Amino acid sequence: MKKIIDISVDMDGFCFPNNPQLDLRGPFSRVQGRNREYVYDFTLCTQSGTHIQGPHYFREKGRRIDDFGLDQFLAEAYIIDCPKRGEDTTRDDLEALLDGIDLRDKALVLYTGHMKELLASGRLINEERPGLSMDAAETHDNT
């Protein structure tokens, strides 16, 4: 069964400590004539709202997210629950969760529920954050 799941979060839904808040300005109508068009200018951190972390997030010379074609983000996905808090999900954890599952030509989505918790509480407690170890991330390395 195929189903589309919306995992989006508003750009200003949560701001991590020390990151700049969403700065939204407008509306502006910059087109002359009878048919006005209204636009907004905004500035935000790359960790705002729904986003994807590419290899550059962890590696200085890793590929940036804009180096990936949009087609690489359209695929059937397999979703696994990663409930760990305060410690990283490891390669061994992933291998156990994926035992016997063929991910060829599929995306893997790791569900932690952490963003739901952040939005509900408005508080970030680093000691309770989920994480992914480097060895787990390198299981399918696209740098």
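Here are some worked exercises on the predicted model shown above.

**Exercise 1. The aromatic pair**

Task: Find how many aromatic pairs the whole structure holds, and work out how the rings are arranged.

Solution:
- Step 1. A search of the whole structure finds 1 aromatic pair. Its partners are Phe 68 and Phe 73.
- Step 2. A pair of aromatic rings is described by the distance of the centres and the angle of the planes.
- Step 3. For Phe 68 and Phe 73, the centres are 6.1 Å apart and the planes meet at 65°. Rings pair if their centres lie within 6.5 Å, and planes over 60 degrees apart count as edge-to-face. The pair of Phe 68 and Phe 73 is therefore edge-to-face.
- Step 4. Now look at the surroundings. Phe 68 counts as buried because its relative accessibility is 14%, with the limit for buried being under 20%. Phe 73 counts as partly exposed because its relative accessibility is 39%.

**Exercise 2. Salt bridges and who shares them**

Task: Count the salt bridges, then look at some of the partners one by one.

Solution:
- Step 1. The count comes to 7 salt bridges. The pairs below are among them.
- Step 2. Start with Lys 84 and Glu 87, whose side chains meet in a salt bridge at 3.6 Å, N to O. Lys 84 is partly exposed because its relative accessibility is 25%. Glu 87 is also partly exposed, so classed because of its 46% relative accessibility.
- Step 3. Move to Arg 85 and Glu 117, a salt bridge in which the closest N and O atoms are 2.9 Å apart. This pair links distant parts of the chain, with the two positions 32 residues apart in numbering. Glu 117 sits in helix α2 (residues 114–121), while Arg 85 belongs to the loop between β3 (76–81) and β4 (88–89). Both partners are partly exposed: Glu 117 has a relative accessible area of 40%, and Arg 85 has a relative accessibility of 26%.
- Step 4. Next comes Asp 102 with Arg 104, where the closest N and O atoms are 3.8 Å apart. A salt bridge needs these atoms within 4 Å, so this pair counts. Asp 102 is partly exposed at 42%, whereas Arg 104 is exposed at 61%.
- Step 5. Finally, look for shared partners. Lys 84, Glu 87 and Asp 93 are joined into one network by salt bridges that share partners.

**Exercise 3. Two kinds of surface patch**

Task: Name the residues that make the negative patch and the nonpolar patch, and place one residue from each.

Solution:
- Step 1. On the surface, a patch of negative charge brings together Asp 88, Asp 92, Glu 95 and Asp 135.
- Step 2. Take Glu 95 as the example. This residue lies in helix α1 (residues 91–97) and is partly exposed because its relative accessibility is 46%.
- Step 3. The nonpolar patch covers about 470 Å² and is made by Ile 5, Ile 7, Ile 79, Val 109 and Tyr 111.
- Step 4. Here, take Ile 5. It is found in the segment before β1 (23–29) and is partly exposed, because its relative accessibility is 46%.

**Exercise 4. Backbone points to check**

Task: Locate the cis peptide bond and two residues other than glycine with positive phi.

Solution:
- Step 1. Begin with the background: most residues other than glycine have a negative phi, and most peptide bonds are trans.
- Step 2. The bond from Gly 26 to Pro 27 is cis, with omega near 10°. Pro 27 lies in strand β1.
- Step 3. Asn 18 has a positive phi, near 75°. Its place is in the segment before β1, and it is exposed because its relative accessible area is 83%.
- Step 4. Asp 105 also has a positive phi, near 65°. This residue is in the loop between α1 and β5 (106–111) and counts as exposed because its relative accessibility is 71%.

**Exercise 5. Far along the chain**

Task: Find what distance separates the C-alpha atoms of Lys 2 and Ala 77.

Solution:
- Step 1. Place Lys 2: it is in the segment before β1. Lys 2 is exposed because its relative accessible area is 69%.
- Step 2. Lys 2 and Ala 77 are 75 residues apart along the chain, and their C-alpha atoms are separated by 9.3 Å.

Key: Residues are numbered from 1 along each chain as its sequence is written. This is a predicted model: local features need pLDDT of at least 70, side-chain atom pairs count only at pLDDT 80 or more; totals for chains, interfaces and linings use all residues. Side-chain values use heavy atoms; hydrogens and water are left out. Patches are made of residues with over 30% relative accessible area and no salt bridge: like charges are joined within 9 Å, nonpolar side chains (Val, Leu, Ile, Met, Phe, Trp, Tyr) within 5 Å. Accessible areas come from the Shrake-Rupley method with a 1.4 Å probe; for residues, only the protein chains shown count as cover. Lys and Arg count as positive and Asp and Glu as negative; His and the chain ends are not counted. The place of a charge is taken as NZ of Lys, CZ of Arg, CG of Asp or CD of Glu. Helices (H or I, at least four residues) and strands (E, at least two) are DSSP runs, numbered from the N terminus. Buried means under 20% relative accessible area, exposed over 50%, partly exposed in between (1.4 Å probe, protein chains only). Rings of Phe, Tyr and Trp (its six-membered ring) pair if their centres lie within 6.5 Å; planes under 30 degrees apart count as stacked, over 60 as edge-to-face and the rest as tilted.
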